[in-house]
Amino acid sequence: MLNITPIPAFSDNYLWIISDSKTHVAAIIDPGDANPVIRYLQNHNLSLEYIVLTHHHNDHIAGIAQLVKQYSPKVFGNQRSAGEFLDIDISHKNSINLEKLQLDLNVLHTPGHTSDHVVYFNNQHLFCGDTLFAAGCGRLFEGTHVEMFHSLQKLTKLPAQTKIYCAHEYTLQNLNFACSILPNNQDIQTRRQQVKDLREQNKITLPSTIEIELATNPFLMCINPATQAQFKEFNIADPVELFGHIRKLKDKF
């Protein structure tokens, strides 16, 4: 059985480590900082065999060099994210195989936050970097709102119970925004209180699920025909433009 564990880094990042306690093999998603990863590996007697990258931002890749030097893992990514350390270029791949973990992950290209962003998933887990957050989505640094809309639309098709492992603890801030634009949505109000209670205890609010996000994440709700009516006061009929408008509101929030 595989374990998926968040390693906190910086002020709000989570570096997700996938490990097998029997074989002591591990993979790390987006190692922005090598030091907490090394401490975790040493404390749990794990061997790092794989690094898996979603995009090229420094808080997702800065630990690669040190980890490669110490463990020589196989690096999955693209030229922008992995650079000289790249072993497996996922630019034109639909899946990857972490054979020592007996784990296959599908690769989905999700431009929006960056032009090179990808997510990895199977029928249980989604490692989505900065594309989808709990109750939010990534800022548009390189892509357009049209690209991000279509990237997120693909994720809404995943099984409802798919667990979401995103890269930041932004949930409470995102729900504060959601409450500001959908003040009468009781599901969002309830979730915000639950998340507030968790954060007051310094507890993580992840993973989420696709089902939870479809019900309480405004960036998925405005994509989902079943919940688009909740945004009627914005008077924007085109869901793509509605999404873009909400993204701009969040940028200013």
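The centres of domain 1 and domain 2, taken over C-alpha atoms, lie 25 Å apart. Domain 1 covers residues 1–92 and domain 2 covers residues 110–252 of the protein chain, with bounds that come from an automatic or database domain assignment. The structure is a predicted model, in which local features need pLDDT of at least 70 and side-chain atom pairs count only at pLDDT 80 or more, while totals for chains, interfaces and linings use all residues. Residues are numbered from 1 along each chain as its sequence is written, and side-chain values use heavy atoms, with hydrogens and water left out.

**The chain as a whole**

The protein chain holds 10 helices and 14 strands; these are DSSP runs, helices (H or I) of at least four residues and strands (E) of at least two, numbered from the N terminus. Its radius of gyration is 18 Å, close to the 18 Å that the globule rule gives for 253 residues, so the chain is as compact as a globular protein of that length. That radius is taken over C-alpha atoms, and the rule is 2.2 Å times the number of residues to the power 0.38. Along the principal axes, the C-alpha atoms fill a box of roughly 55 × 40 × 30 Å.

**The interface between the domains**

The following table lists values for the interface.

| Property of the domain 1 and domain 2 interface | Value |
|---|---|
| Residues of domain 1 in contact with domain 2 | 23 residues |
| Residues of domain 2 in contact with domain 1 | 22 residues |
| Buried area | about 1700 Å² |
| Residue pairs in polar contact (both at pLDDT 80 or more) | 17 pairs |
| Salt bridges | two salt bridges |

Contact means heavy atoms within 4.5 Å. Buried area is the accessible area (1.4 Å probe) that two parts lose on being put together, summed over both. A polar contact is a pair of N or O atoms within 3.5 Å; within protein, one must be able to donate a hydrogen and the other to accept it, and residues adjacent in sequence count only if both atoms are side-chain atoms.

Of the area buried between the two domains, 62% is on carbon and sulfur atoms. Tyr-14, Trp-16 and Thr-54 supply 33% of the area that domain 1 buries against domain 2, more than any other three residues.

**Salt bridges**

A salt bridge is a side-chain nitrogen of Lys or Arg within 4 Å of a carboxyl oxygen of Asp or Glu. The whole structure contains seven salt bridges. Arg-80 pairs in this way with Asp-116, their closest N and O atoms being 3.8 Å apart.
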